[in-house]
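Visitor: Could you take one helix of this model and walk me through its surroundings in detail? I would like to know what it packs against and how far the model can be read.

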Amino acid sequence: MLYLQHGAGEDETGWGRQGYAGLIMDNLLAEGKAKPFIIAMEFGGNPFAGGQRRTNAAPGAATNSTAGGPRGNFNFSAFEKTLIDDFIPFVDANFRTVADQPHRAMAGLSMGGMQTRSITLAHLDTFSHIGVFSGGSIAVTNITDMAAFKEKVKLVFIGYGSRELGTNRVGGRGFGGDPKVNVAALKEAGINSIFYESPNTAHEWQSWRRSLHEFAPLLFKD
């Protein structure tokens, strides 16, 4: 089960309409490169239309439900509560899921990647596979209980377009620092971590389509 989140200014239809998630999965399945699994996409808020409140938190004041972005801080607490308390139980009750942590992943692009980062770190008992596409990365210092993280998290995948790397968007406040360095440190700590660089793309759908194409085959391996 993959919970796949959109970016700021978009909604839950983004991955279907612009990201071609269905076509990507169809091709991977036809080629025998991925296992079949359900993808669910929930509305994660639209800060540009008043659907999600920004905070004025000071630099460094981010919590598990707040993350800094290039235009300010996002507060994900309302979406986090909706996802954990309402949406996941609804999906498990109405679809043929394997309703446990080892069979549940979360990923997202840009703002959705930021949501994925903050929510999965706060809910290790809920998600075992983490995918962040152009939405920050996870540093060793973000992990409060390394033993629990190594036991529960089976994959950390970080994807970016090559033209994003080295920009303020990647290294700025709230995005977790240099993603390549962070992934290397996670590997050194014994965590299954992958860094993917989309050739010749920027903060755009082609980067995120390619990230999903690389991420999906890594999910729920025996």
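Guide: Helix H2 (residues 21-30) has the buried residues Ala-21, Ile-24, Met-25 and Leu-28. Buried means under 20% relative accessible area, exposed over 50% and partly exposed in between, with a 1.4 Å probe and protein chains only. Helices (H or I, at least four residues) and strands (E, at least two) are DSSP runs, numbered from the N terminus. The buried residues cover an arc of only 95° around the axis, which puts them on the same side of H2; the arc is that of the directions from the helix axis to the C-beta atoms. On the face turned away from this buried side sit the exposed Leu-23 and Ala-30.

This is a predicted model: local features need pLDDT of at least 70, side-chain atom pairs count only at pLDDT 80 or more, and totals for chains, interfaces and linings use all residues. Residues are numbered from 1 along each chain as its sequence is written, and side-chain values use heavy atoms, with hydrogens and water left out.

What do the buried residues of H2 pack against? Their partners are strand S1 (2-5), helix H1 (14-17), strand S2 (39-40) and helix H8 (205-215). In H2, Ala-21, Ile-24 and Leu-28 meet Arg-209, Leu-212 and His-213 of H8, where contact means heavy atoms within 4.5 Å. Just after H2, Gly-32 takes a positive phi of about 70°.

As for confidence, pLDDT (the predictor's confidence in each residue, from 0 to 100) has a chain mean of 88, and 84% of the residues reach 70 or more.
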